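Trainee: I am new to this structure and would be grateful for a close look at one part of it, the charged side chains that pair with one another and their surroundings. Please begin with any term that I shall need.

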Amino acid sequence: MVTDNPVMKLREAIDHTLAAIADGKAQVQEIAESTLSEVRRMEAELEQVQGACNGAIDEVERLEVASRAARHRLMTVNRDVGHHGEQEMRVAYQNAQQLQLDLGQWRERETQLRFRRDDLTRRLRAMRATAGHAEVLMVRFGQASTLLNAEFGEVDQVLQNAQMHTLMGLRMLQMEEDERRQLANQLHDGPLQTLAGLSMRLQVG
């Protein structure tokens, strides 16, 4: 409904502004909730990856020790061929070779897990910053809504008072105009009529 009332127009503008703020706050809240959900998911994933990475590091360290021991055993067997049979040499060689293969695979796995862990850590840090920023925006939206509501309320009251004073002034002017017209009518019907009658008598006499 279109109105020329300035107070009503201001109230409509206030309501529109506050509605826009509320809508913006709702959107930010939705983003914040989605971001926090993603943060929790990434934290759980990072915990799993970190555990797997620690396990890979431990396994690499164990295999390095075992591989060094196997190579040392192979060197010992090769140096003293006379005291070791062919089967023993073959076993020592195969053991050393298998440990080297296992060590290479676990080192690759450790590298991949470290990369995944570091990537998740960076992304999680950025996601937490986004969530924090969204929470700050929500607080600011709330503060803006409260402040604007209070400020607009004061302006609304000022305009209402001004409108009331204007109406009172118009009523007073109307009352004065009515009194002037009433006085003019009284003068026309009373003393002026008497003076007119006397004037006519004097002219006749």
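Mentor: Helices here are DSSP runs of H or I with at least four residues, and they are numbered from the N terminus. The model is a predicted one. The protein chain contains three helices and zero strands, and its pattern along the sequence reads α-α-α.

Some words on confidence should precede the details. The mean pLDDT of the protein chain is 79, with 69% of its residues reaching 70 or more. Among its elements, helix 1 has the highest mean pLDDT, 87, whereas helix 3 (residues 191-204) has the lowest, 56. Where pLDDT is low, the predicted coordinates should not be read in detail. The account below therefore leaves helix 3, whose mean pLDDT is 56, aside.

Let us turn to the charged pairs. Side chains of opposite charge can pair when their charged atoms come close. The structure holds 12 salt bridges, and a useful place to start is Asp-119. This residue pairs with Arg-122, with 4.0 Å from N to O. The two positions are three residues apart in helix 2 (residues 86-189), which means that about one helical turn separates them. Asp-119 also forms a salt bridge with Arg-123, where the closest N and O atoms lie 3.7 Å apart. Here the spacing is four residues in helix 2, so the separation is again about one helical turn. Both arginines are partly exposed: Arg-122 has a relative accessibility of 45%, and Arg-123 has a relative accessible area of 34%.

These pairs belong to a wider arrangement. A network of salt bridges links Asp-119, Arg-122 and Arg-123 with Glu-38, Arg-41, Glu-45 and Arg-116.

Beside Asp-119 in the sequence, Asp-118 forms a salt bridge with Arg-117, and their closest N and O atoms are 3.2 Å apart. The side chains of Arg-117 and Asp-118 are likewise joined by a polar contact of 3.2 Å. Are the two partners buried or exposed? Asp-118 is partly exposed, at 32% relative accessible area. Arg-117, which lies in helix 2, has a relative accessible area of 16%; it counts as buried because that value is under 20%. Not counting residues up to four places away in sequence, Arg-117 touches Leu-46, Val-49, Gln-50 and Cys-53.

Several of those neighbours lead to the nonpolar interior. The largest nonpolar core has 10 residues: Val-39, Met-42, Leu-46, Val-49, Cys-53, Ala-56, Ile-57, Leu-113, Leu-120 and Leu-124. Two elements give two or more residues to this core, namely helix 1 (6-79) and helix 2. The largest share, seven residues, is supplied by helix 1. Leu-46, Val-49 and Cys-53 thus appear in two places, as members of this core and as residues that Arg-117 touches. Ala-56, another member of the core, is in contact with Trp-106, Glu-110 and Leu-113 once its neighbours within four places in sequence are left aside.

Apart from this core lies another, of nine residues, including Val-60, Leu-63, Val-77 and Leu-103. Ser-67 touches one of these, Leu-103, along with Leu-99 and Gln-100, leaving aside neighbours within four places in sequence. Ser-67 lies in helix 1 and counts as buried, with 0% relative accessibility. Gln-97 offers a contrast: this residue lies in helix 2 and is partly exposed, with a relative accessible area of 40%. Its C-alpha is 8.7 Å from that of Arg-71, although the two residues are 26 apart in sequence.

The chain as a whole gives these details their setting. Of the contacts between residues at least 6 apart in sequence, 83% join residues at least 24 apart. Of the 205 residues, 19% count as buried. The accessible surface comes to about 15,000 Å², and 58% of it belongs to carbon and sulfur atoms.

To return to the part you asked about: Asp-119 pairs with Arg-122 and with Arg-123, while Asp-118 pairs with Arg-117, a buried residue that touches Leu-46, Val-49, Gln-50 and Cys-53.

Technical notes. Residues numbered from 1 in each chain as written. Predicted model: local features only at pLDDT ≥ 70, side-chain atom pairs only at ≥ 80, totals over all residues. Heavy atoms only, no water. Salt bridge = Lys/Arg side-chain N within 4 Å of Asp/Glu carboxyl O. Buried < 20%, exposed > 50% of the residue type's maximum accessible area, 1.4 Å probe, protein only. Core = buried A, V, L, I, M, F, W, Y, C linked by side-chain atoms within 4.5 Å. Contact = heavy atoms within 4.5 Å. Polar contact = N/O pair within 3.5 Å; in protein donor to acceptor, adjacent residues only side chain to side chain. Areas by Shrake-Rupley, 256 points an atom, 1.4 Å probe, with all protein chains shown as cover. pLDDT = per-residue confidence, 0-100.
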